[in-house]
Amino acid sequence: MKPDIKICGLKTPEAIDRALKRGATHIGFIFFEKSPRYIEPDLAAKLAEPARGKAKIVAVVVDPTNDELDEIVSLLKPDILQLHGNESPEHVLTIKALYGLPVMKVFSVRTADDLKRVEAYIGIADRFLFDAKAPKGSELPGGNGISFDWSLLSWLDGSIDYMLSGGLNKDNVADALANTTARGIDVSSGVESAPGVKSVAMIDEFFDAVEGADAPIMASGS
Ligand SMILES: O=C(O)c1ccccc1N[C@@H]1O[C@H](COP(=O)(O)O)[C@@H](O)[C@H]1O
């Protein structure tokens, strides 16, 4: 089965156009002001228009207030809310009830302990996203371009719907798909030429690598 592919932290029509042409199933906008990928909700709404109905529009928020969500949801009209902070299960339920949108809850992973809270969100979050925990000193909870030890996810038996992120790029995405049960992959800095600057060439290379991962391996000599 083809994985879902989310290109996150988009800020230009060119990058969105290329992501859509290559078959992105999800496009993400970052509403975390300290991020080089931060975008105002009204600009995100304009940029997202060509994607409507073609790819799911994801609003990435970190421990959001209702005022922030009111503005983002009313302007952008996202299909999914990605909660990338320390939102409790109760907070996730409240957000779902208020906005009627599916939630992808993020877990930031460095050690097995970081996964202990997952169970509390089963049946509450619509999907999980496992990302690398930010390195010490980073101001960003995500988008740091670092990976984590995917074997920590080996207890997930495939019945849990999750996306994988954290330092994915053209060189490691095939391994990520081969070594996890992720039904989707999510990339941001791996398709950037500088922090916050998406490269259409790198978006192409990333999709090429995913498509290559799908191709059956030919026996030598055949
Ligand atoms: O990208 C950001 O700046 C960001 C800021 C705040 C929360 C999440 C953020 N990005 C998320 O991080 C992961 C992967 O990033 P990367 O590929 O390692 O650069 C992805 O889920 C983004 O949505």
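## Exercises on rings and cores

Leaving aside neighbours within four places in sequence, Phe206 is in contact with Ile5, Ile7, Leu168, Asn169, Lys170, Val173, Ile185, Val187 and Val191. Keep in mind, as you work through these exercises, that the model is predicted.

**Exercise 1.** Find out which residues have the most contacts inside the largest nonpolar core, and which helix gives the most to this core.

*Solution.* Start with the core itself: the largest one has 61 residues. Next, pick out the residues with the most contacts inside it, which are Ile7, Ile27, Phe29, Leu81, Phe130 and Phe206. Then turn to the helices: H6 (residues 200–214) gives the most to this core, with five residues. Finally, look apart from this core for another, of 12 residues; Ile30, Val60, Leu129 and Met163 are among them. As background, nonpolar side chains tend to be buried together in soluble globular proteins.

**Exercise 2.** Classify the ring pair of Phe107 and Tyr121, and say where in the chain the two residues lie.

*Solution.* A search of the whole structure finds six aromatic pairs. For the pair of Phe107 and Tyr121, take the distance first: 5.2 Å centre to centre. Now take the angle: the planes are 85 degrees apart, and over 60 counts as edge-to-face, so this pair is edge-to-face. To place the residues, find Phe107 in strand E5 (residues 103–109) and Tyr121 in the loop between E5 and strand E6 (127–132). They are 14 residues apart, and the pair links distant parts of the chain. Last, check burial: Phe107 counts as buried because its relative accessibility is 0%, and Tyr121 is buried with a relative accessible area of 1%.

**Exercise 3.** Classify the pair of Phe128 and Phe130, then name the cluster into which ring pairs link them.

*Solution.* The centres of Phe128 and Phe130 are 6.1 Å apart and their planes make 40 degrees, which makes the pair tilted. Phe128 counts as buried at 4% relative accessibility, as does Phe130 at 0%. Following the ring pairs gives a cluster of Phe107, Tyr121, Phe128, Phe130 and Tyr162. One more detail concerns Phe107: the charged end of Lys105 sits over its ring, 5.6 Å from the centre.

**Exercise 4.** Is Ser108 buried or partly exposed, and which residues is it in contact with?

*Solution.* Begin by locating Ser108 in strand E5. Its relative accessible area is 22%, so Ser108 is partly exposed. Beyond its neighbours within four places in sequence, Ser108 is in contact with Asp114, Asp131, Ala132, Lys133 and Pro141.

Conventions:
Residues are numbered from 1 along each chain as its sequence is written. This is a predicted model: local features need pLDDT of at least 70, side-chain atom pairs count only at pLDDT 80 or more; totals for chains, interfaces and linings use all residues. Side-chain values use heavy atoms; hydrogens and water are left out. Rings of Phe, Tyr and Trp (its six-membered ring) pair if their centres lie within 6.5 Å; planes under 30 degrees apart count as stacked, over 60 as edge-to-face and the rest as tilted. Helices (H or I, at least four residues) and strands (E, at least two) are DSSP runs, numbered from the N terminus. Buried means under 20% relative accessible area, exposed over 50%, partly exposed in between (1.4 Å probe, protein chains only). A charge sits over a ring if NZ of Lys or CZ of Arg is within 6 Å of the ring centre and within 35 degrees of the ring normal. Contact means heavy atoms within 4.5 Å. A nonpolar core is a set of buried Ala, Val, Leu, Ile, Met, Phe, Trp, Tyr and Cys residues joined through side-chain atoms within 4.5 Å.
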